[in-house]
Every structure is written in C-alpha cells, then in structure tokens.
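Trainee: I am new to this structure. Please walk me through it with short questions and answers.

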Amino acid sequence: MPARTGTDLATAAALLRNGELVAIPTETVYGLAANAFDEAAVLKIFQAKERPAFDPLIVHIGRKDAVHAIARELPPGAEALMDAFWPGPLTLVLPKQAAVPDIVTSGLDTVGVRMPAHPLTRELLGQIEFPLAAPSANPFGYVSPTTAQHVADQLGEHIPYILDGGPCTVGVESTIIGWDAGADDRSTAMGRPGRWCLYRAGGIPLEAIESVIGTVGSAVKPVIPVAPGMLDSHYAPRKPVFVGDVNALLPAHAGKRVAVISFSTAYAAHQNEVLSPKGDLAEAARRLFAVLRELDASDADVILAERFPDEGLGRAINDRLRRAAAGRG
Ligand code: TXA
Ligand code: MG
C-alpha cells in the first residue's frame, strides 16, 4: 500500500509507538524514522532502504538532556558544541549507552546523535517517549530526499506515512564529527588526550565548529566505513557524473546531451542548472539534491559539475558531487 503523506502528528506518533516507520522532515534531508529502542522497528529501516547492516544510524533527540540516555559520556567540548549548534545539522559520535541496540550502531561502541531543527519533527519528538533512529529516506547509495515527494517517489511502497514538512532548508546532510581518543597520542584537546575528527562535511561549516572547539582532525580511514562519505560511491544519480573544470570536460562529451551544474554562471550546454546566480553557497546546497534528481530524470546523457569553493557549505557540496561522480557512472 503506498504511503500516505500529511502533517498529522498524532498519526505519525501512533505509528512509531506501534513499531512502524515514518518518514520525517528535518532541516537537512528527510529521514526514515523508527523508535531507536525497538530493534524490530529499526530492522525495518534497513530492509526498506536495502541498507547494509554495517552502516550505523543517527539517533535524533528532541531535547539536549536526552543525550544522556544515548551517550554514556560527553567528551571535552561536546556540551559547547551542543549549545552552539543544537538544534541543527551537527551529529556528534559519542560513546554509547549499553541500552542503545547494536542494530542502531552496527555493533560499534559509539553512537551518532543529533537534535534536528525542523519545527514539525521537534514537535513530534516532544510527543513521543523515545528517540528516533533515522537515516536519510532514500534507497541506499542514491541521492537523499529534500521533499516529501522525493520520499514518496522512491520509498512510498515501503512506509505507511510521510510527515510533510515542506522542502528542506539546508539541503545537505548534517556534519558528523567524532571524538577520537586514539587518533593521535600526542594531540590533546581541553586537557585530554584525543581530538575531534570530521567524519562527513555537512550543514554546519567546519569553520564554525572550529571556532568553538579549535582544530578538527580528519578521520583516519577505518577498517569498516564509519560514514557514507567514506564509501566511494554514494549520493549517486544513475547517470554518469563528472566533476572538474567544465570548459575542459565539455569537448570530451561533444555530440551528447550534456547537463551542467554550476555555482553562479551558465555554460554553453544542452541544459544548465545554476545553483545560485547570486553566489550563495547555502542556496546552492539547498538546491543540489533536487537538481541531481531532476537531471537524472531529464533527457541529458551525462552530468558535468563545477568544483565549488572549498569553504563553508562548499565543502559539503564538493563532497557530495565527488561521491556522485564515483557512482554508477
Ligand atoms: O542530516 C542527517 O544527518 C540526516 C538526517 C535524516 O538527520 N541523516 C543522515 O543519515 O544523513 P544517514 O544514515 O544517511 O547518514 C548518517 C551516517 C551513516 O552513514 C554513518 O556512517 C554515520 O552517519 N554514523 C552513524 N553512527 C556512527 C558512528 N557511531 N560512528 C561513525 N559514523 C556513524
Ligand atoms: Mg544517507
């Protein structure tokens, strides 16, 4: 039965209490949510997305103090980060409480936690008695959804209800950072050995995070991928995507219908998607995933994309385009 879409919080809460899935709006992308403490419900997320069991989920909470039921310890700086960026697009990877089911964390001893900012989902979290485990509401590996319609198009057959909160205002997923106690024995932050590491660039610029806790390291490539950014192919349309100097790439695709994604100026191509004519990286990020979907459904043969300025939200845009280019193309 196809999903119903609406804004009825009572319906969403009742389904979640019954161990069902509900797609929820967040400021970043839509999530596919289940009661984080209900293992059978969480299993349905992995089935609906065809997501491999090694890829852990983010737990979403409605109030800052709910973090203590999820994390057994807050590393130095965690509270300052929560105060600065929650509610908002920052996920903290923290040592997990034993009560958090292994299926949520893929058996890791850590758990990703964030407090989303979308008003409808905040209201929902205020009505239910448990946190929500939720990955992005797309089939594994595909572009994340930024509207309720995107969710319905791809996962509608697998979920009973989509809570419609309108288009996402940030448009790329949360920034993920984790405290890595063993990252570098010589590094210390706030008097303790260890440091914060970036697992995924996202909706909170790295510069803003560093203004609160100082330098953030890059994550050491682990044995299992700890964030989707570490999987080479992700966020990928079905069409081939190439990223780089568009003027240099165009001749190689002569004779094809070429679509170009650019920051603020158009090219001589079959189709042009200028993400922000006024040169605003936040606007470009907000539009990126919807444009990738549109071009995937268009008559274009190939998608070329510029490299964006590597600052602010440009880092997340470049990261997602790089993964899209490493995709099925
Ligand atoms: O903005 C977002 O983060 C969205 C919305 C729905 O909140 N969620 C999202 O979830 O992007 P997902 O599952 O598509 O990506 C979250 C990534 C996972 O792929 C996983 O690798 C990483 O977060 N993650 C979760 N728990 C982790 C942990 N304990 N250690 C390292 N990485 C973790
Ligand atoms: Mg995802």
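Trainee: Which loop holds Glu50?
Mentor: This is a predicted model. Look for helix H2 and strand S4 (58-60). Glu50 sits in the loop between H2 and S4.

Trainee: What is the phi of Glu50?
Mentor: Glu50 is not a glycine. Even so, its phi is positive. The value is about 55°.

Trainee: Is Glu50 buried or exposed?
Mentor: The relative accessible area of Glu50 is 68%. Exposed means over 50%. Therefore Glu50 counts as exposed.

Trainee: Which loop residue between helix H4 (102-105) and strand S6 (110-114) has a positive phi?
Mentor: The residue is not a glycine, and its phi is near 55°. Its place is in the loop between H4 and S6. The residue is Ser106.

Trainee: Which two residues does a cis peptide bond join?
Mentor: Omega is about -10° for this bond. One partner, Pro87, lies in the loop between helix H3 (78-85) and strand S5 (90-95). The bond joins Trp86 and Pro87.

Trainee: At what angle do H3 and helix H7 cross?
Mentor: H7 covers residues 206-213. The axes of H3 and H7 come within 9 Å. They cross at roughly 130°.

Trainee: What does that angle make H3 relative to H7?
Mentor: Angles over 145 degrees count as roughly antiparallel, and 65 to 115 as roughly perpendicular. The crossing, at roughly 130°, fits neither range. So H3 is oblique to H7.

Trainee: How many nonpolar residues are in the contact of H3 with H7?
Mentor: H3 brings Ala80, Leu81, Ala84 and Phe85. H7 brings Ala208, Ile209, Val212 and Ile213. No polar and no charged residues take part; the nonpolar count is 8.

Trainee: Which are the edge strands of the sheet?
Mentor: The sheet is open, has 11 strands and shows mixed pairing. Its order is S1-S8-S2-S3-S7-S4-S6-S5-S9-S12-S13. An edge strand pairs on one side only. The edge strands are S1 (4-6) and S13 (217-218).

Trainee: Which residue of S3 stands opposite Ala23?
Mentor: Strand S2 (residues 22-24) and strand S3 (residues 31-35) run antiparallel. They are joined by 3 bridges. Opposite Ala23 stands Leu32.

Trainee: Which helix lies across S3 and strand S7 (132-133)?
Mentor: The helix covers residues 39-49. It runs at about 155° to S3. The helix is H2.

Technical notes. Residues are numbered from 1 along each chain as its sequence is written. Chains are lettered from A and ligands numbered from 1 in the order in which they are written. This is a predicted model: local features need pLDDT of at least 70, side-chain atom pairs count only at pLDDT 80 or more; totals for chains, interfaces and linings use all residues. Side-chain values use heavy atoms; hydrogens and water are left out. Two strands pair if DSSP finds at least two bridges between them. Helices (H or I, at least four residues) and strands (E, at least two) are DSSP runs, numbered from the N terminus. Contact means heavy atoms within 4.5 Å. Axes are lines fitted to C-alpha atoms, for helices over the stretch in contact, and angles run from 0 to 180 degrees between N-to-C directions. Buried means under 20% relative accessible area, exposed over 50%, partly exposed in between (1.4 Å probe, protein chains only). Angles under 35 degrees count as roughly parallel, over 145 as roughly antiparallel, 65 to 115 as roughly perpendicular and the rest as oblique. Ala, Val, Leu, Ile, Met, Phe, Trp, Tyr, Cys and Pro count as nonpolar, Asp, Glu, Lys and Arg as charged, and the others, Gly among them, as polar.
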